[in-house]
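Here is a short report on one protein chain. Keep the structure open as you read, and find each part as it is named.

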Amino acid sequence: MTEGRLIHLVDDDEAIRHSASFMLRHAGFRVKTYPDGVAFLAQAEEAEQGCILLDVQMPGMDGLEVQEALNERGVAMPVIVLTGHGDVAVAVRAMKAGAVDFVEKPYAKQSLVDALTRAFERLEARRREDVLADEARGLVERLTPREKDVLLGLVDGQTNKAIAESLDISPRTVEIHRANLMEKMEAASLSTVLRIAFAAGIGR
């Protein structure tokens, strides 16, 4: 399923921009092209979310420098780099800098489409994680300060008795707070409570 997925194609070679964008549109992607890294960086922070297909060998500012600038600006779109045949060292550097994949030129259509599909799957998984994290934080925000204290104890692996001692309250009171927080967090088990807490960034 590629429909609606946007590719930012950054390549200084006009013929490649034309042929690759034609091929990718035919495969069902949307494509926006840029003649060099500077042109892309000028729009990157406001650009629609998608996948960046980035040529490494470009004059003025090469793909690795563009990647570095994207990292500095916090642009978190997945990057696939296009490298020259056998340019393994450059591909390794790009992957270390956060590229999700690389494709060697001249590339086969299917290898490029496969790499882009994997990148979009990663992007969509990250979006789902962000949604889950937001939902988890919303559930935790329902808790009273004392219930949050008990939750922190549970995340630390403490027993009800140990939590009671650390908070200077009775074990019975901890049980009540624990029952209340489980109800508010819509959790039927301790494992669900912990999963929500971890998704919300508590205890990590």
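## A serine in the first helix

Start with Ser-19, which sits in helix α1, the stretch from residue 14 to residue 26. The model shown here is predicted. Is Ser-19 buried, exposed or partly exposed? Its relative accessibility is 40%. Buried means under 20% and exposed means over 50%. Ser-19 therefore counts as partly exposed.

Now look for Leu-143. Ser-19 and Leu-143 are 124 residues apart along the chain. In space, their C-alpha atoms are separated by 56 Å.

## The sheet

Next, find the strands. Five of them form an open sheet, in the order β2-β1-β3-β4-β5. The pairing is parallel. Which strands stand at the edges? They are β2 (30–34) and β5 (101–104). Each has a single partner strand, so one side of each is left without a neighbour in the sheet. On average, neighbouring strands are turned by 20 degrees against each other, with direction ignored.

Look at two of the pairs. Strand β1, residues 6–10, joins β2 in the parallel sense through five bridges. Here Ile-7 stands opposite Val-31 of β2. At the other pair, β4 and β5 are also parallel, with four bridges. There Ile-80 stands opposite Asp-101 of β5.

## Inside and outside the strands

How many of the five residues of β1 are buried? Five of the five are, so β1 is largely enclosed by the rest of the structure. Leu-6, His-8 and Val-10 point one way from the strand. Ile-7 and Leu-9 point the other way.

Strand β5 has a covered face and an uncovered one. Asp-101 and Val-103 make up the covered face. Phe-102 and Glu-104 make up the uncovered face.

## Helices on the sheet

Return to helix α1. This helix lies across β1, β2 and β3 (51–55). It runs at about 170 degrees to β2. Helix α5, residues 109–140, packs on the sheet as well. It touches β1, β3, β4 (79–83) and β5. The direction of α5 makes about 170 degrees with that of β5.

## Helices α3 and α4

Helix α3 covers residues 63–73 and holds Gln-67. What is the relative accessible area of Gln-67? It is 2%. The cut-off for buried is under 20%, so Gln-67 is buried. Leaving aside residues up to four places away in sequence, Gln-67 touches Leu-54, Val-81, Ala-94, Ala-97, Gly-98 and Ala-99.

One of those contacts, Ala-94, belongs to the buried residues of helix α4 (88–96). The others are Val-90 and Ala-91. These buried residues cover an arc of only 100 degrees around the axis, which puts them on the same side of α4. They pack against α3, β4 and β5. The face turned away from this buried side carries the exposed residues Ala-89, Arg-93 and Lys-96. Just after α4 comes Gly-98, with a positive phi of about 115 degrees.

## Helices α6 and α8

Two packed helices are described by the angle between their axes and the distance between the axes. Try this on α6 (residues 145–155) and α8 (residues 171–184). Their packing angle is about 95 degrees, and their axes are 9 Å apart. That makes α6 roughly perpendicular to α8.

Which residues meet? From α6 come Arg-146, Glu-147, Val-150, Leu-151 and Leu-154. From α8 come Val-174, His-177, Arg-178, Asn-180, Leu-181 and Lys-184. Sorted by type, the residues of this contact are five nonpolar, two polar and four charged.

Helix α6 has these buried residues: Glu-147, Val-150, Leu-151, Gly-153, Leu-154 and Val-155. What covers them includes α5, α7 (160–167), α8 and α9 (190–199). Just after α6, Gly-157 takes a positive phi of about 85 degrees.

Technical notes:
Residues numbered from 1 in each chain as written. Predicted model: local features only at pLDDT ≥ 70, side-chain atom pairs only at ≥ 80, totals over all residues. Heavy atoms only, no water. Axes fitted to C-alpha atoms, helices over the stretch in contact; angles between N-to-C directions. Helix = DSSP H or I, 4+ residues; strand = E, 2+ residues; numbered from the N terminus. Parallel < 35°, antiparallel > 145°, perpendicular 65-115°, else oblique. Contact = heavy atoms within 4.5 Å. Nonpolar A, V, L, I, M, F, W, Y, C, P; charged D, E, K, R; others polar. Buried < 20%, exposed > 50% of the residue type's maximum accessible area, 1.4 Å probe, protein only. Pairing = 2+ DSSP bridges. Arc of directions from axis to C-beta.
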